[in-house]
Amino acid sequence: GADVEYRQDGNLRLARNPAEAAAIAAMVDGQRARGLDLAYLPDTAAVRAVAPAIAESVVAASFCPTDGHANPTATVRAFAAAAERHGARIRTGAAVTAIAAGGGRVRGVRTETGDIAADAVLVAAGVWSGRLCAPLGVDLPIRVGQVAAVQTVPLPPLIRPVLGVAGADFAGRQEVGGRFRLTGGGTPWPDDLDDLAAGNDPVQPPARNVMTALTRAIDVLPALAGARIARVWGGLLDLTPDALPIVERVPEVVGLVVAAGFSGHGFCLGPVTGQIARDLVHGREPNLPLAPFRRDRFAAAAEPVAATLHG
């Protein structure tokens, strides 16, 4: 019921050298076998046929025509407004300080403005999720990463698909209205969540991370070299060892559901995760298999789990 500036113009995952091209080709084969509409563009000419502004140094790419992008701020506001229309109450400025539990089940949450009783609690708190669950004996293997984000002033039309790269160290898109938004790869965050709680601002990225993001952007989209910058900001990523989220009904605590560790994919996965979490909260079995997203996948791994490249 809202305009979230959604555009389904596809996604290009770029290879900048032969090694990345091999990784992209293998990813395309694997994802196509799982049913994803994904094409391999084997050379520079094929890539530039889809997006002429791409640099000639790009040697190959995957193209997913069903992918798209939207305005994240407008989308969050639209979801919030829709939730309120359906009876949800949204409280801001009321940080949750703890999950209340007793007798092996949740009893509600404690907030800065008072307690809220509840038979079920969904923890979808991003980088804070591990800290909220730890006092209940629930270990979430989440570490915090930082990403630099840059937004230009409005530019003439350059490119329609979303851009990514094989190494996942750059992503970008041209927004409705012409601004180009880009991010560099995530790096370890050197600060602590207590600094955020104290009202400080340690999220702003260092200049080197911003420069790295800009350099990678210009390497694949040379037209950005002369673009003026409108905004720079930082974001925090809730990273799991394999870059896949944890979504489960926690077996140790009745009524506790976790959806966290999205590792930078949360905007894409948010809507379907909301439907899954709804079923978990209500005690229903989701219609999708969740075994690959349970915490026990890490305990069962004999070796550290490597992050995988997705379409």
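In what sense, parallel or antiparallel, do strand S10 (residues 170–174) and S11 pair, and over how many bridges? In the predicted model, the pairing of S10 with S11 is antiparallel and extends over 5 bridges. One of the residue pairs is formed by Phe170 and its bridge partner in S11, Gly184. The two strands belong to a hairpin with 5 residues between them, and in this hairpin Gly177 adopts a positive phi near 105 degrees.

Strand S11 has a further partner in strand S8 (residues 143–152), to which 3 bridges join it, again with the strands running antiparallel. Here Val150 has Leu182 of S11 as its bridge partner. Strand S11 covers residues 180–184, and 4 of its 5 residues are buried, so the strand is largely enclosed by the rest of the structure. Residues count as buried when their relative accessible area is under 20%.

A second set of pairings involves strands S4, S5 and S6. These 3 strands make up an open sheet, ordered S4-S5-S6, with antiparallel pairing. Strand S4 (96–102) and strand S6 (114–117) are the edge strands, each of them pairing on one side only. On average, and with direction ignored, neighbouring strands of this sheet are turned by 25 degrees against each other. Strands of a sheet pair through backbone hydrogen bonds.

Within this sheet, S4 and S5 run antiparallel and are joined by 6 bridges. The hairpin of S4 and S5 has 2 residues between the strands, and Gly103 takes a positive phi near 65 degrees in it. On the other side, strand S5 (residues 105–111) is connected to S6 by 4 bridges, also in the antiparallel sense. Arg110 of S5 takes part in both pairings: Ala98 stands opposite Arg110, and the bridge partner of Arg110 in S6 is Asp115.

Internal and open spaces were also computed for the model. By the rule applied, the count is 1 cavity of 30 Å³ or more. The volume of the largest cavity is about 40 Å³. Its lining consists of Glu5, His69, Ala70, Asn71, Pro72, Arg173, Glu175, Val176 and Arg181. Sorted by class, the lining of this cavity comprises 3 nonpolar, 2 polar and 4 charged residues. Arg173 in this lining falls within strand S10, residues 170–174, while Arg181, also in the lining, falls within strand S11, residues 180–184.

Among the pockets, the second largest holds about 200 Å³ of space. This pocket is lined by 13 residues, of which Asp9, Ile159, Arg160, Gln174 and Glu175 are the closest to its centre. By class, 6 nonpolar, 3 polar and 4 charged residues make up the lining of the second largest pocket. Glu175 is thus named for the pocket and is also part of the lining of the largest cavity.

At the level of the whole chain, the model contains 8 helices and 15 strands. The radius of gyration is 21 Å, close to the 19 Å that the globule rule gives for 311 residues, so the chain is as compact as a globular protein of that length. The C-alpha trace spans about 65 × 40 × 40 Å along its principal axes. Of the 311 residues of the chain, 38% count as buried.

Methods:
Residues numbered from 1 in each chain as written. Predicted model: local features only at pLDDT ≥ 70, side-chain atom pairs only at ≥ 80, totals over all residues. Heavy atoms only, no water. 1 Å grid on protein atoms, 1.4 Å probe; cavity = no way out; pocket = protein on both sides within 12 Å on 5 of 7 lines; lining within 4 Å. Points joined across faces, edges and corners; volume = space filled by probe spheres on them. Nonpolar A, V, L, I, M, F, W, Y, C, P; charged D, E, K, R; others polar. Buried < 20%, exposed > 50% of the residue type's maximum accessible area, 1.4 Å probe, protein only. Pairing = 2+ DSSP bridges. Axes fitted to C-alpha atoms, helices over the stretch in contact; angles between N-to-C directions. Rg over C-alpha atoms; globule rule 2.2 N^0.38 Å.
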